[in-house]
Amino acid sequence: MSNFQAGDVVTGKVVGIQGYGAFVALDDKTQGLVHISEITHGFVKDIHDFLEIGQEVQVKILEIDSERNKISLSMRALEKTKPAQKTTSKKESQNADEGFNTLRDKLEEWIKKADR
């Protein structure tokens, strides 16, 4: 862990995913945790929508706890997105129009009824 310092931006590989976060290998001997809240701005329901094992990711080292041998990492800290904007997952962007088709289809009908 002595090679790394808080504030460093490094590339690592996702080696494990749990419900609370993803473990990222920074080198052969060092791993850190990207907590689910540090994956992206906005709500993350399922980490698998954003990450997969073996994926290379860029992370920022938030904190190094030498006593407990833990490194806290963040992907969110490297995003250019403003916190107020919602980041969509792969699944959400594929289904973005799905819930609004009915409204779009009905809109013309409702306008005609309103004009009567």
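These legends describe close-up views of a predicted model of one protein chain.

**View 1. The whole chain, five strands and two helices.** From the N terminus, the order of elements is β-β-β-β-β-α-α. Of the 116 residues, 28% are buried. The accessible surface is about 8400 Å². Carbon and sulfur atoms account for 48% of that surface. Among contacts between residues at least 6 apart in sequence, 57% link residues at least 24 apart.

**View 2. The largest nonpolar core, with 19 residues.** L26, L51, V59 and L73 have the most contacts inside this core. Four elements each give two or more residues to the core: β1 (9-18), β2 (21-25), β4 (56-65) and β5 (70-74). In soluble globular proteins, nonpolar side chains tend to be buried together.

**View 3. The surroundings of L26.** Leaving aside residues up to four places away in sequence, L26 touches F4, V10, T11, Q31, V59, I61, I71 and L73. Two of these partners, V59 and L73, are listed with L26 among the core residues with the most contacts.

**View 4. Strand β2 and its pairing with β1.** Four of the five residues in β2 are buried. β1 and β2 run antiparallel and are joined by five bridges. G16 stands opposite F23 of β2. The hairpin from β1 to β2 passes through two residues.

**View 5. The pairing of β2 with β3.** Strand β3 covers residues 31-35. Five bridges join β2 and β3, and the two run antiparallel. A25 stands opposite Q31 in β3. Here the hairpin connection takes five residues. Q31 is also one of the residues touched by L26.

Definitions and conventions. Residues are numbered from 1 along each chain as its sequence is written. This is a predicted model: local features need pLDDT of at least 70, side-chain atom pairs count only at pLDDT 80 or more; totals for chains, interfaces and linings use all residues. Side-chain values use heavy atoms; hydrogens and water are left out. A nonpolar core is a set of buried Ala, Val, Leu, Ile, Met, Phe, Trp, Tyr and Cys residues joined through side-chain atoms within 4.5 Å. Buried means under 20% relative accessible area, exposed over 50%, partly exposed in between (1.4 Å probe, protein chains only). Contact means heavy atoms within 4.5 Å. Accessible areas come from the Shrake-Rupley method with a 1.4 Å probe; for residues, only the protein chains shown count as cover. Two strands pair if DSSP finds at least two bridges between them.
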